Amino acid sequence: MKVPFVNLQAQHEPLQTEINLAIANVFTNTSFILGEEVNKFEEEFAAYCGVKHAIGLDSGLSALKLALEAYNIGEGDEVIVPANTFIATAAAVSFVGAKPVFVDIKPNTYNIDSAKIEAAITERTKAIIPVHLYGIPADMNEIMAIANQHNLIVIEDACQAHGAYYRGQRIGSFGHAAAFSFYPAKNLGAAGDGGALVTNDSQLNAQIKAMRNCGQKEKYVHVTTPYNHRLDTVHAAVLRIKLRHLDEWNALRRQKATLYHRFLLHSGVITPAAPNYTIPVWHLYVVRVQNRAALQARLNEQGISTALHYPLPLHLQPYYENLGHQRGDFPITETYADQILSLPMFPELSEEQIEHVANALKVFVATQELTIT
Ligand SMILES: *Cc1c(COP(=O)(O)O)cnc(C)c1O
C-alpha cells in the first residue's frame, strides 16, 4: 500500500470543474491584478478569521515582512521568534534589518516556551512572532500578557494554522496582525504562492494595501515603499472556492490525528498533543522516535512517504552563522530536531492507510527494542 505525504489531486478532484470555471472567468474579465475576486476573498477571509481586515499578498513571508516594516521595526531592533520554525519566520525579521532573537520551545510541545520569553527581552526588543506550528496554537494568553507588559507588537505566524482555535477564538485574531501562507500544501492553498495579512488595525491595513501595490494610495502617487507583493486574482478565485471547504478539511485532519493517536498508543512512538483549550488543525502530524534515520528509510521502502520539519534548527543554519550561536543554546529544539518525523497527513487519508503507517512504526520500534537488549 502506497501512502503519499500529501495528496493535492484528491483535494482538487471534486472541485476541479468549479475551479476551472472561476479561472476562466478571470480570463474573460482579464482582471488579473487586484480584480474583484481579490476584494471578495479578503472580505471572506477576514470574516473567517474574525477580524476586520485581510490583505491578499504574494506569500506568507511577504505578510510577515510587510507587517514588521509597517510597524517601523528595522535596523537596531530585536524580534523574538521560536528556534523551532520554518526559516521564513526569522527571515522576515532579517529582511527588515532587525535581529531575530530565538527562544526555545516548551518541553513536550513544538511551540515557543512562553516562560522563556521574558529572559530574551532587551531594550531593543520590539516584537514577538509566535508561530502556531504544525497547526497547534501557541500560548496566546501568556504571550499577549508579556507583550502588553513590555509594549511589544505581536505578529502571529499563522502560516500552518488556518482555522485553528485558542480558547474558543480563531488564531490570527490575538496579535496586532497575523500572517497566513497559501502555499499549495498548506491547509488552505492557492494554485501557486500566495499569502495574507489579517488585522483589526485599520491604519495598518491601509499601509500594507499601499505597500503591496507599488506604495500607492492613489495611482502614481507613491506614499510608501513601492513593493509589488500583490495576491494574483487567479489565486483569489481559487482560494474563495477552497475556503468554503476549509472547516470540513480541518475536521477531517482532526479525525486522522485521532486515529494516529489511537493506533500508536503504547507503541513507544511519542505522538503530538494539543492543549485541551485549543482546536488544532494538524497541518502536520509530527511524532518523535529514536533512530529516526533508519525508521524513515524503512518506511520509505514500504511506500510510506514522510518528511522532517525541521531537521536543522534556525540558530544552527549557515544563514545565521553571523549570530554566533552554537549547539546547546536551545537544547529542546535541538533534541527534538533529531527525533521528529512528520507522518502522512491530509484530509483524504484513509483509515487503512493510517493503520498501515502505524503498524509499520510499531514493527520498527519492536525490532529496535530487541536489538538494544
Ligand atoms: C509556509 C510558512 C511560512 C511562509 O510562507 P510562504 O508563503 O512560503 O512564504 C512562514 N512560516 C511558517 C511557519 C510556514 O510554515
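These legends walk through close-up views of a predicted model.

Two ground rules first. This being a predicted model, local features need pLDDT of at least 70 and side-chain atom pairs count only at pLDDT 80 or more, while totals for chains, interfaces and linings use all residues. Residues are numbered from 1 along each chain as its sequence is written, and side-chain values use heavy atoms, with hydrogens and water left out.

**View 1. The ligand and its shell.** Here the ligand is surrounded by 14 residues, and the closest are Gly60, Asp157, Gln160, Ser181 and Lys186. To be in this shell, a residue needs a heavy atom within 4 Å of the ligand. Sorted by class, the shell has 5 nonpolar, 7 polar and 2 charged residues. (Ala, Val, Leu, Ile, Met, Phe, Trp, Tyr, Cys and Pro count as nonpolar, Asp, Glu, Lys and Arg as charged, and the others, Gly among them, as polar.) Two helices, α4 (60-70) and α5 (87-95), each supply at least two shell residues; helices are DSSP runs of H or I, at least four residues, numbered from the N terminus.

**View 2. Polar contacts to the ligand.** Zoom in on the N and O atoms, where a polar contact is a pair within 3.5 Å. A polar backbone atom of Gly60 sits 2.8 Å from a ligand oxygen, and a polar backbone atom of Leu61 is 2.9 Å from a ligand oxygen. On the nitrogen side, a ligand nitrogen is 2.8 Å from an N or O atom in the side chain of Asp157. Of the 380 Å² of accessible area that the ligand has on its own, the protein covers 92% (Shrake-Rupley method, 1.4 Å probe).

**View 3. The largest pocket.** The ligand takes up the space of the largest pocket, which holds about 550 Å³. Its lining runs to 33 residues, with Gln160, Ser181, Tyr183, Lys186 and His283 nearest the centre. Elements giving two or more residues to that lining are α1 (8-12), α4 and α5, and α4 gives the most, with 3. By class, the lining divides into 18 nonpolar, 10 polar and 5 charged residues. A pocket, on a 1 Å grid over the protein atoms alone, is an open set of points with protein on both sides within 12 Å along at least five of seven lines; lining residues have an atom within 4 Å of a point. A molecule sits in one if more than half of its atoms lie within 2 Å of its grid points.

**View 4. The cavity and the cis peptide.** There is 1 cavity of 30 Å³ or more, where a 1.4 Å probe fits but cannot get out. Its lining includes Ala83, Asn84, Tyr310 and Thr333, and has 6 nonpolar, 3 polar and no charged residues. Tyr310 is joined to His309 by a cis peptide bond, with omega about 10°. Tyr310 lies in the loop between α9 (292-301) and α10 (331-337).

Note on methods
A polar contact is a pair of N or O atoms within 3.5 Å; within protein, one must be able to donate a hydrogen and the other to accept it, and residues adjacent in sequence count only if both atoms are side-chain atoms. Grid points are joined across faces, edges and corners, and a volume is the space filled by probe spheres set on the points.
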